[in-house]
Amino acid sequence: MTRQEKERLVQAAREARSRCYAPYSHFAVGAAVQGESGNIYTGCNIECASFSATCCAERVAVYHAVMAGEKCLSAVAVAGGAQGDPVRGRTAPCGICRQVLSEFAASDMTVLMAVSEDAYEEVSLGSLLPMSFGPKDLQDTNDM
Ligand code: THU
């Protein structure tokens, strides 16, 4: 992935923040994933008065991608911060989102976390979710 592609993905995540529905936490998150085709799919966090039904921005982006036929994602970008404020400080994907990302990506997936409106940090999904349980662990049961 080129530096330009990375910056484009992070910028898509920053822009997706404005779509958030976060009346309870007032924490706005945007996410963007890149599929095999090179296309970008975005998501924002969508909260619910029954709090546990809240969906994070990363999962909304992944579900958009899968709905469009993309099941092999190469990169994800996340941008978070207080609603109405610029991005300030890193937002890392939560545990549930790490698991969902790993369903549709390899461990070398690029994870980009915006730290401001013009900077980001980069890690791999494998470093965020080591020794993961995934589709491979259910292969034997499916062969039965
Ligand atoms: N949130 C995300 O959308 N992604 C993350 O990686 C962390 C948390 C959302 C969920 C909730 O709407 C708000 O941020 C506060 O937890």
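# A guided tour, strand by strand and helix by helix

Start by selecting E1 and E3, two strands that run antiparallel and are joined by 9 bridges. Keep in mind as you go that this is a predicted model.

**Stop 1: the strands**

Zoom in on Ala31 and look across to E3, where its bridge partner is Val78. Now colour the whole of strand E3, residues 73-82. Is this strand mostly covered or mostly open? It is mostly covered, with 8 of its 10 residues buried.

Next, add E4 to the selection. E3 pairs with E4 in the parallel sense, over 4 bridges. To see one place where they meet, pick Ala77, which stands opposite Leu112 in E4.

Carry on to strand E5, residues 120-124. E5 pairs with strand E4 (residues 110-114) in the antiparallel sense, and 5 bridges link the two. Show Met113 as sticks and find its bridge partner in E5, Glu121. Between E4 and E5 there are 5 residues, and the two strands form a hairpin.

**Stop 2: helix H2**

Select residues 57-67, which make up helix H2. Which of its residues are buried? They are Ala57, Glu58, Arg59, Val60, Ala61, Val62 and Ala65. Show E1, strand E2 (40-44), E3 and helix H3 (95-103) as well, since the buried residues of H2 pack against these elements. Then step past the end of the helix to Gly69, which follows H2 and has a positive phi, near 100 degrees.

**Stop 3: Glu58**

Stay in helix H2 and centre the view on Glu58. The unreviewed UniProt entry carries the annotation "active site" at Glu58. Why does Glu58 count as buried? Its relative accessible area is 3%, and the cut-off for buried is under 20%.

To see what surrounds Glu58, show its contacts beyond the neighbours within four places in sequence: Val29, Ala31, Val78, Ala92, Pro93, Cys94 and Cys97. You have met two of these names already, as Ala31 has Val78 for its bridge partner in E3.

**Stop 4: a patch on the surface**

Switch to a surface view and select Tyr21, Tyr24, Ile46 and Phe51. Together they make a nonpolar surface patch of about 430 Å². Take Tyr21 as your way in: it sits in the loop between helix H1 (3-16) and strand E1 (27-35). Tyr21 has 44% relative accessibility, so it counts as partly exposed.

**Stop 5: Phe133 and its loop**

Now go to Phe133, in the loop that lies between helix H4 (125-128) and helix H5 (139-143). Is Phe133 buried or exposed? Its relative accessibility is 51%, so Phe133 counts as exposed; the cut-off for that label is over 50%.

Which residues does Phe133 touch, leaving aside its neighbours within four places in sequence? Phe133 is in contact with Gln99 and Leu138. Draw a distance between the C-alpha atoms of Phe133 and Gln99: they are separated by 8.2 Å, although the two residues are 34 apart along the chain.

**Last stop: the annotated domain**

Finally, zoom out and select residues 4-136, listed by UniProt in an unreviewed entry as "domain: CMP/dCMP-type deaminase". Over this stretch the chain is 28% helix and 26% strand. Label the end C-alpha atoms of residues 4-136 to finish; they are 33 Å apart.

Terms used: Residues are numbered from 1 along each chain as its sequence is written. This is a predicted model: local features need pLDDT of at least 70, side-chain atom pairs count only at pLDDT 80 or more; totals for chains, interfaces and linings use all residues. Side-chain values use heavy atoms; hydrogens and water are left out. Buried means under 20% relative accessible area, exposed over 50%, partly exposed in between (1.4 Å probe, protein chains only). Contact means heavy atoms within 4.5 Å. Two strands pair if DSSP finds at least two bridges between them. UniProt positions are given in the numbering used here, feature names are shortened, and annotations may be inferred rather than shown by experiment. Patches are made of residues with over 30% relative accessible area and no salt bridge: like charges are joined within 9 Å, nonpolar side chains (Val, Leu, Ile, Met, Phe, Trp, Tyr) within 5 Å. Accessible areas come from the Shrake-Rupley method with a 1.4 Å probe; for residues, only the protein chains shown count as cover. A salt bridge is a side-chain nitrogen of Lys or Arg within 4 Å of a carboxyl oxygen of Asp or Glu.
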